[in-house]
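The exercises below are meant to be worked with the sequence and the model side by side. Try each task before reading its solution.

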Amino acid sequence: MRRAVRALAGTRARPLPAVLLALTLTAGGFAAWAGQDWYRAAHDDRAAYAEQRDEALAAGEQAVQNLNTLDHRNLDQGLDLWESSTTGELHEQLASGRTEFAEQVKAAKTVTTARVLSGAVTEIDDRAGRARVLIALRVTVEAADGAKTDKDSRMLGELTRTEGRWKLSALGQAPVGGTSAG
């Protein structure tokens with residue numbers, strides 16, 4: 001009888017090794033799935049594209065804000081910022097008209113401050129290094145007598161990547177309401 005009991009006891013299933021094996025296989029499967037998912041995300045072109053878009057937007061917003069902010073008391077510093085924010089034909093226009101413009105601002109004694117309300121990249125060509133942005137901003141102009149006026153506007157800007165940085169290469173007013181773009 002004792003032999004029969006021992007024989008039955010020896011054939012009983014041991015649950016702990018089976019559970020450990022099942023857990024190990026499940027953890028291994030999850031690790032393989034997560035690793036494959038991570039690899040796909042890390043090598044996805046969309047992530048690099050989104051990063052370029054975000055960089056272009058941040059640079060565009062900052063450049064448009066820079067070009068709409070100027071204090072007659074720190075004129076050279078402000079105009080230097082304008083020039084460092086631009087490239088191409090826009091940069092050349094600003095540099096060539098700097099002296100006349102500086103005289104006008106000194107005579108008017110105005111302080112202009114801009115604040116970006118919102119912005120969007122409307123087009124980006126990462127390979128060509130070009131992007132277009134639409135920026136909404138509020139410009140506050142303080143006159144020599146202390147009177148302040150606010151104006152909301154929408155600006156269309158074109159950015160060009162130069163030396164690894166996005167810079168403003170064109171800037172203009174965006175059409176509003178029923179105004180035609182042409």
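**Exercise 1.** Leaving out residues up to four places away in sequence, which residues does W166 touch?

*Solution.* In this predicted model, W166 touches Q52, E55, A56 and A59, then I124, G129, R130 and A131, and finally L159, T160 and R161. As a next step, place W166 in its wider setting: the largest nonpolar core has 25 residues, and W166 is among those that touch the most other members, together with L137, L159 and L168. At least two residues of this core come from each of α3, α4, α5, α6, β2, β3, β4 and β5, while α3 gives the largest share, with six residues.

**Exercise 2.** Determine how α4 and α6 are oriented to each other, and describe their contact.

*Solution.* Begin with the axes, which come within 11 Å and cross at roughly 135°. Angles from 115 to 145 degrees fall in the oblique class, and α4 and α6 are therefore oblique to each other; the crossing is right-handed. The contact is formed by L75, D76, L79, D80, W82 and E83 of α4 with R98, F101, A102, V105 and K106 of α6. Sorted by character, the residues of this contact are six nonpolar and five charged, with no polar ones.

**Exercise 3.** Decide whether N68 is buried or exposed, and find what surrounds it.

*Solution.* N68 lies in the loop between α3 and β1. Its relative accessibility is 17%, and because buried means under 20%, N68 counts as buried. Beyond residues up to four places away in sequence, N68 touches T112, T113, A114, L137 and V139. The C-alpha atoms of N68 and A114 are 5.5 Å apart, although 46 residues separate the two along the chain.

Key: Residues are numbered from 1 along each chain as its sequence is written. This is a predicted model: local features need pLDDT of at least 70, side-chain atom pairs count only at pLDDT 80 or more; totals for chains, interfaces and linings use all residues. Side-chain values use heavy atoms; hydrogens and water are left out. A nonpolar core is a set of buried Ala, Val, Leu, Ile, Met, Phe, Trp, Tyr and Cys residues joined through side-chain atoms within 4.5 Å. Buried means under 20% relative accessible area, exposed over 50%, partly exposed in between (1.4 Å probe, protein chains only). Helices (H or I, at least four residues) and strands (E, at least two) are DSSP runs, numbered from the N terminus. Contact means heavy atoms within 4.5 Å. Axes are lines fitted to C-alpha atoms, for helices over the stretch in contact, and angles run from 0 to 180 degrees between N-to-C directions. Angles under 35 degrees count as roughly parallel, over 145 as roughly antiparallel, 65 to 115 as roughly perpendicular and the rest as oblique. A crossing is left-handed if the near helix is turned anticlockwise from the far one by less than a right angle, and right-handed if clockwise. Ala, Val, Leu, Ile, Met, Phe, Trp, Tyr, Cys and Pro count as nonpolar, Asp, Glu, Lys and Arg as charged, and the others, Gly among them, as polar.
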